[in-house]
Amino acid sequence: MSTADTTDGEVVAERVREDGWAIVPDVIDPAAVERLRATVDATMATDETPFGANTFLGRDTRRVFNLLAHDPAFAAVPIDATVLPIVEAVLDPELLLSSLTAIETHPGQDAQPLHADDGSISLARPHPPLAVVALWALSDFTEENGATRLVPGSHRESRRPRPGEAADTISAEMSAGSVLIYNGSLWHGGGPNRSDALRQFIVCNYCAGWVRQEENQLLALDRSYVETLPPRLRRLVGYGVYRGLLGHVAGDDPGSWVDDHIETDLVWKRMR
Ligand SMILES: O=C(O)CCC(=O)C(=O)O
C-alpha cells in the first residue's frame with residue numbers, strides 16, 4: 001500500500017513517482033473538513049447541481065466545476081502547505097491549477113470507467129508527469145462507498161485504458177481529511193457506491209506550467225476576484241509567466257495586473 005504514514009514531503013513525492021500514487025493521512029483537521037463539506041453542500045443546494053448526464057460523469061454523481069468562483073473558502077485547497085510542495089516536487093515548481101471540482105457520488109452510483117486524467121494529451125506514453133491530482137476526501141473513502149480504484153504503477157504504461165477496459169485495481173481507502181495524490185497518467189476511476197451514504201471529495205488537478213489548463217481559469221474567474229486571492233494562488237490560476245517567458249503580454253508579466261509588488265525575472269532582462 002502506498003499510504004504514507006508520514007507527511008514528510010520528499011517521502012510522499014517519491015512514492016508518487018514510483019507507485020504513481022500515495023495517500024497523505026489527516027491533512028485537514030475535522031473542523032476544516034466540516035466547513036468544506038458544508039460549503040460544498042450549500043453550493044450544490046444553491047446551484048441545484050444536476051446529476052451527470054453520462055456514465056463517465058455518473059448518473060448518480062454531482063459535480064461543481066470552477067469551484068474557486070463559488071466560494072472563497074475553496075481558495076485554501078490548491079495552496080495547502082502540506083500538499084502543494086509535494087505536487088511541485090513531482091510535477092513542476094512553476095505548475096498551474098488545471099481545475100478544481102467538488103464531486104459527490106450517491107448510493108447506487110456504478111463504477112466509473114478506468115481512465116487517465118491526462119488522457120487528452122497526445123504525447124507518447126509513458127512521459128514525464130504533465131498533471132498531478134490531489135483528491136481531498138471530505139468523507140471517509142471505503143471500498144463499500146466506492147473509494148477511488150487505482151491501478152498501481154500504470155503511470156508507466158505505454159497507453160491509457162481502452163473504453164470499458166478492466167484491470168486489477170486497489171481501493172484507495174482513507175479517512176475524511178486525507179488526500180490522495182496521483183500522477184495524471186495513473187489508470188483510475190471511482191468505485192461503485194454500495195453504501196447508503198454520499199462519498200464527497202474535491203479534485204484539485206494541477207498541470208505543468210507549460211501545459212494547457214483543463215478549465216480555463218483566466219476566463220473562469222473575474223480579475224477583480226483574483227486580486228483578492230493569495231499571491232501564490234493568483235499565479236496558480238495563470239497570472240504569471242513560465243520560466244520568465246510563456247504567458248507574457250507585450251513583454252509584461254500579467255501577474256503585475258493583480259499584484260503591484262511583483263518583480264519578475266523576465267527573459268528579456270537577462271539578455272545581453
Ligand atoms: O470518483 C472518484 O473517486 C474519481 C473520480 C474521477 O477520477 C473523475 O471524475 O475523473
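By class, the shell around the ligand in this predicted model consists of three nonpolar, five polar and three charged residues. The residues that form this shell are Phe56, Arg63, Ile103, Gln112, His115, Asp117, Thr148, His188, Gly190, Arg199 and Phe201. Phe56, Ile103 and Phe201 are the nonpolar members, while Arg63, Asp117 and Arg199 are the charged ones. The polar group is made up of Gln112, His115, Thr148, His188 and Gly190.

Some of these residues place a side-chain N or O atom at a short listed distance from an oxygen atom of the ligand, as the table shows for His115, His188 and Arg199.

| Side chain with the N or O atom | Ligand atom | Distance |
|---|---|---|
| His115 | oxygen | 3.0 Å |
| His188 | oxygen | 2.9 Å |
| Arg199 | oxygen | 2.8 Å |

Each of these pairs counts as a polar contact because the two atoms, N or O in each case, lie within 3.5 Å.

How much of the ligand does the protein bury? Taken alone, the ligand exposes 300 Å², and the protein buries 92% of that area. As for its location, the ligand sits in the largest pocket.

The protein chain that surrounds the ligand contains seven helices and nine strands. Its C-alpha atoms fill a box of roughly 60 × 45 × 35 Å, taken along the principal axes. For 272 residues, a compact globule would have a radius of gyration near 19 Å, and the 18 Å of the protein chain therefore agrees with such a globule.

Two details of the backbone also deserve mention. The peptide bond that leads from Arg125 to Pro126 is cis, and its omega is near -5°. Pro126 is placed in the loop between strand S3 (96-105) and strand S4 (131-137). The second detail concerns Glu48, a residue other than glycine whose phi is positive, near 50°. Glu48 belongs to the loop that lies between helix H2 (30-47) and strand S2 (61-64).

How values were computed. Residues numbered from 1 in each chain as written. Predicted model: local features only at pLDDT ≥ 70, side-chain atom pairs only at ≥ 80, totals over all residues. Heavy atoms only, no water. Near = heavy atom within 4 Å. Polar contact = N/O pair within 3.5 Å; in protein donor to acceptor, adjacent residues only side chain to side chain. Areas by Shrake-Rupley, 256 points an atom, 1.4 Å probe, with all protein chains shown as cover. 1 Å grid on protein atoms, 1.4 Å probe; cavity = no way out; pocket = protein on both sides within 12 Å on 5 of 7 lines; lining within 4 Å. Sits in = over half its atoms within 2 Å of the grid points. Helix = DSSP H or I, 4+ residues; strand = E, 2+ residues; numbered from the N terminus. Rg over C-alpha atoms; globule rule 2.2 N^0.38 Å.
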